[in-house]
Structure formats: C-alpha cells, structure tokens
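Reader: I am new to this structure and would love a close look at one strand in it. Please show me what surrounds that strand, and then how it fits into the whole model.

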Amino acid sequence: MNELVEFVSNNLQLLYILILAIFIGVELIKNVPSVLHTPLMSGANALSGVVIVGALLVMLQAKPDDYLSLGLGFVAVVLGILNVVGGFVVTDRMLQMFKKKK
Amino acid sequence: MNITLSIIYLFTTIAFVIGLKMLGHPQTAKKGNLISGVGMGLAIVATIFLHDFEVPTINYILIGTALLVGTVIGYLIAIKVAMTKMPELVSLFNGFGGGSALLIGLIEFGNYSEDATQTSTIIAAIIIGSLTFTGSLIAWAKLNGSMKDIRLPKYNLINNLFVLGLIAFGAYIVMYDSTSLMLIYLLLAASLVYGILFVIPIGGADMPVVISLLNSLTGIAAAITGVLYGNMVMMVGGILVGSAGLILTFIMCKAMNRSLSNVIFGAFGGGDVAIAAVGKTGGTIKKTTASDSAIMLNYASKVVIVPGYGLAVAQAQHVIHELEELLTKKGVDVTYAIHPVAGRMPGHMNVLLAESNVSYDKLIEMDNINPQFPNTDVVLVVGANDVVNPAAHNDPSSPIYGMPILDVENAKHIIVNKRSMNAGYAGIENELFFNQKTSMLFGDAKSALTELVNELKNM
C-alpha cells in the first residue's frame, strides 16, 4: 500500500496527463458516422506507430559493439516506420472515396 | 531534455489531437490524416537530430537504412494493395507497431532491473506488444482467407486462464527475478502464443472489431514504452490511440448490434452461422442513424427512393420531395421506384407524390427500374415492406411467393426506414432487413426524413 502511495505521489503529473488524454481520445471519437469507422481505425493505427520514437531512442543510445541491441533496434525501427508510413498512406487512400465526384 | 525537442513533441501531440478530430468528419478527414502525418514526421526527424547523447556514426547509418527500407516497403505495400483488402492491411501494419514495441521491451530488459516501476513497464510492453503482433498477423491472415476460424474446445476458459497466467508470470519476474533472460524469453513466447489463441476463434465478420481492439492495444504499448523513456509524445499519442481505439471498438460493436464480449467470446462469430441465422426467426439487423444515412446519400451518385404505405400514413410526401430536391442540388441522381401495389391502392404513391409536386418523370415503374438497381448506390425504402421482400423470389412457402417485387437487394446499399420491426401487410418476415447491405433507420417516416434533410443541409 505504501509503495502505491509513493508511486502515485511521484508520478502525479503523469497520472494527470494519462487521464486527460484518455478523456480527449474518447471525446474525439464519439459520434463518428459509421462510414468513417474503417478510415478512422486506420488513422489511429498510423498514430500508434509513434512507438518508433522509442525504437529510435534505443538505436541512438546503443553502443556500437552491442550487436544484439543494434540488430533488434534496427528491426524495431523498420517495423515502426512500416506502421507509420503504411498507416498514413492507406488511410489517405481510403479517404479518397470522400472526394465529391462531380 | 533538449528544449527544442520538447516543443516539437508538443506540436506533434497537438497535431495528433487535431488530426484525430478532423478524421471524424467526411469533409476534413483527408486533411486530418495529413496533419497527424506531418506531426509524426516532425517527431521522428527531431528525435534523430535533437538529442543530448554521443551517437556513433554507424548508429546513424543503421537508423537511416532502417528508415529508408521501412518507408519504401510500407509505401509500396500501401499503394499496391486493392481497396477491398484495406482492413487486413491495417491489421498488418498494426502488427508491425506491436512488434516494434515488443523489441524495445526486449532490448531494454535488464537495463533498469533495480527499479520495479521501470521493469513493470518493460514487461507490460513485451506482453502487449507480443500479443498485438501475433494477434494482428493472425487477423491479417484470416481476412486474407489464408486461415480459417479454429475453435479449440473450451477456448474461452483456456484464453482467460492464459491471460491471468501471463500477468502472474510478469509480476513474478518483476518481484523476484528481474534479470533472468531465460524467463523473459519464456514470457515473450507465451505472449506470442496468447496473441494467436486470442484471435484464432473469432469469426470473420467480427474481424474489424478485433483489429480495432488490437489497434487500441498497440497504442497502449506505445504509451507504456513512452513511460519508460519519460517521452511525452509517445505517452500522449499512445494513450490517445488507446482510448480512441477502444471507443471505436465499442461503436463498431454497437453498429453491428453486438456486445464486445459477444464478439470476443463469440456466440455466433462466423459468417456462415450468421447467414444461417437469417430466416423465419430473424437474424441480426443493422441499425443506422440519420447522420450516417445522410452521409451515405450525400456521397452516392445514384439514389432510388422506394415509397410505401408508411410514407402515406406519416404524410411524409412533402419532406421526401424536399430530400429529393436537396440531393439533386448536390448532384445526386434521384428517382422514385413505384411498385404497382405500393400503398393500399394502385397508383397510391403516384397520387401522393404528385401532391407534393414531385416531377412526374422521376417516378419510374417497376419493370423499368428493376434493371437499374445493380448500378444504384443507395436505395432508400420508406415505409414499404412486402413490395421489396425477396421471399417473393426465393421462398416457395411464403404467401407472397411469385409476386413481382422491386429488386432492391441488387443495389449497393439499402436504407430501410420503418417504424418498428413489425411485419408488413402480409404479416411475414422480410429477410431484406437482415441483409448485410441493409441498414435500418427506425422511426416515423416524417420525423426520420426531416432529420435526414436537416443533416444533409448541414453538410
């Protein structure tokens, strides 16, 4: 119990941010028309590629002789950027259909 | 931390929020996607160049190569794949994100072993990253058609016990043995297996819901990794995706008239079962709202309105004319399909619509309109039932078998406005309402159409 109290008091700011971010996410998505569900899912998927920032940090801090970290980090960066680029491009393609055809 | 970097991260976070917001409206969606994309690009470039560590050149070369390889492959996959394959592609990319998170967790394991909080975040990143990785790949394979639903006996029980076991195992590592590589590989393997077990029993029709859920989990994995590095953009971005994805999952379930537990623990997940459920006793119907229907109509190029007795009862002929004019003004080709026995007397509809000054050449007789349905984007059925009941074609036991009907089921989408699910004049079920392409807009014809008109005016 003491540990929990300590954790909360040490990370109060963090908790505020997390909770507010959860509310923003919910508010943003409420009342979205169902035709947009798939593009929205795809757009959110592209955003989850933000994990690439972590992969980059790993690579930046890896020692040049730490082959395991470098190797795994390399794959992590490739996967992360695949998620980002692929996610945004696919979403963009899906949204083409909302261009009003005249 | 570098102050410029922090400010750029702040901008990226704002771009994510605005981008997500704009993705929620058809007009702004494309721009919203672009804005979040630019934000993401900024964050990536800033992370690489604005930092305080000594970085060997070889690391830069490796980073550059990785980015280049991933960008080219990702772009090519995204551009080449057919539009019909989009959902599985989203799943594939989502799996990659999960894979990235799990690798980060794996690399960082042991680097923070003295701090229980940090170790917990690493363990959580590994578990969630792994299960979204394999789960998304399985979802991708299933949508691809290269894999079938597999239901082990008692799979619900097994999966629930499995997830509890994973959490207990993770907790054990944090508390007693936060340096053992062997245990972490075991945990990794178990999480990967769980991802497979989680997705494999879920029916094909429910896949989009599962993908949305996995997507939400990838966001949470990203946020957890962000906590590890104290990195704001990862934390906030990840949580945004996590909560938005979760809500979207619920919305999607609701649109299908299902609950999330129903999807995951699958009362009737598979496509075949769903079709079998359609019949005399009914099946699943898809409810829609005025705003959804308005968007559908707004972006259609050909709309056919099928009026019926319900239109007459509700005295909605003036509103429907207003709707038709509004759509025509927006460049949509709108006509009315008149079934000879629609309403309670022959010609009932013609009279009714003529009363509200609908131009006569817009009223098309059954035999002329039927061949046009296959290239109709949206059929709007207002208060008609038996005249669009496919049972007339394919159910010899039906009292209306053999009656000529309007073949609306050939159109791309069907919106049915009815007051309730009550059967029509002939007192029989209408399987059209359970058709995959059909959305039900419940409500009195007049008020439902008025809402539709108002929605359209706001677009």
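Author: Happy to help; we will begin with the strand itself and then work outwards.

This is a predicted model, so local features need pLDDT of at least 70 and side-chain atom pairs count only at pLDDT 80 or more, while totals for chains, interfaces and linings use all residues. Residues are numbered from 1 along each chain as its sequence is written, and chains are lettered from A and ligands numbered from 1 in the order in which they are written. The score pLDDT is the predictor's confidence in each residue, from 0 to 100.

Our strand is E5 of chain B, residues 413-418. Helices (H or I, at least four residues) and strands (E, at least two) are DSSP runs, numbered from the N terminus. Six of the six residues of E5(B) are buried, so the rest of the structure largely encloses this strand. Here a residue is buried if 20 or more other C-beta atoms lie within 10 Å of its own, exposed if 12 or fewer, and partly exposed in between, with C-beta atoms placed from the backbone.

In a regular strand the side chains alternate between the two faces of the sheet. On one side of E5(B) you will find B:His413, B:Ile415 and B:Asn417, and on the other B:Ile414, B:Val416 and B:Lys418; these are all buried, and both faces are covered.

Now look to either side. Strand E4 (residues 378-382) of chain B runs parallel to E5(B), and five bridges join the two. In this pairing B:Val378 stands opposite B:His413. Strand E6 (residues 438-442) of chain B is also joined to E5(B) by five bridges, again in parallel. The partner of B:Ile414 in E6(B) is B:Thr438, and that of B:Val416 is B:Met440. Two strands count as paired if DSSP finds at least two bridges between them.

These strands belong to an open sheet of six strands in chain B, in the order E3-E2-E1-E4-E5-E6, with parallel pairing. Its edge strands are E3 (363-365) and E6, each of which pairs on one side only. Direction ignored, neighbouring strands of the sheet are turned by 25° against each other on average.

A helix accompanies this sheet too. H14(B) lies across E1 (302-307), E2 (333-338) and E4 of chain B, and runs at about 175° to E1(B). Axes are lines fitted to C-alpha atoms, for helices over the stretch in contact, and angles run from 0 to 180 degrees between N-to-C directions. Just before this helix comes a residue to pause at: B:Gln315 sits in the loop between helix H13 (309-313) and helix H14 (317-329) of chain B. B:Gln315 has a positive phi of about 55° although it is not a glycine. Most residues other than glycine have a negative phi. With 14 other C-beta atoms within 10 Å, B:Gln315 is partly exposed.

Stepping back, chain B has 18 helices and six strands. Of its 459 residues, 50% are buried. Two residues are in contact if their C-beta atoms, placed from the backbone, lie within 7 Å. Among contacts in chain B between residues at least 6 apart in sequence, 76% join residues at least 24 apart.

Chain B also meets chain A: 72 residues of chain A are in contact with 89 residues of chain B. The largest share of chain A's side, 26 residues, comes from H5(A). By class, that side has 49 nonpolar, 18 polar and five charged residues. For these classes, Ala, Val, Leu, Ile, Met, Phe, Trp, Tyr, Cys and Pro count as nonpolar, Asp, Glu, Lys and Arg as charged, and the others, Gly among them, as polar.

A residue to find here is A:Ile29, which lies in helix H2 of chain A. A:Ile29 is buried, with 26 other C-beta atoms within 10 Å. Leaving aside neighbours within four places in sequence, A:Ile29 is in contact with B:Gly24, B:Ala244, B:Ile247 and B:Leu248.

Finally, a word on confidence in chain A. Its mean pLDDT is 85, and 90% of its residues reach 70 or more. Confidence in chain A is lowest in helix H1 (residues 2-10), at a mean of 79, and highest in H4(A), at 93.
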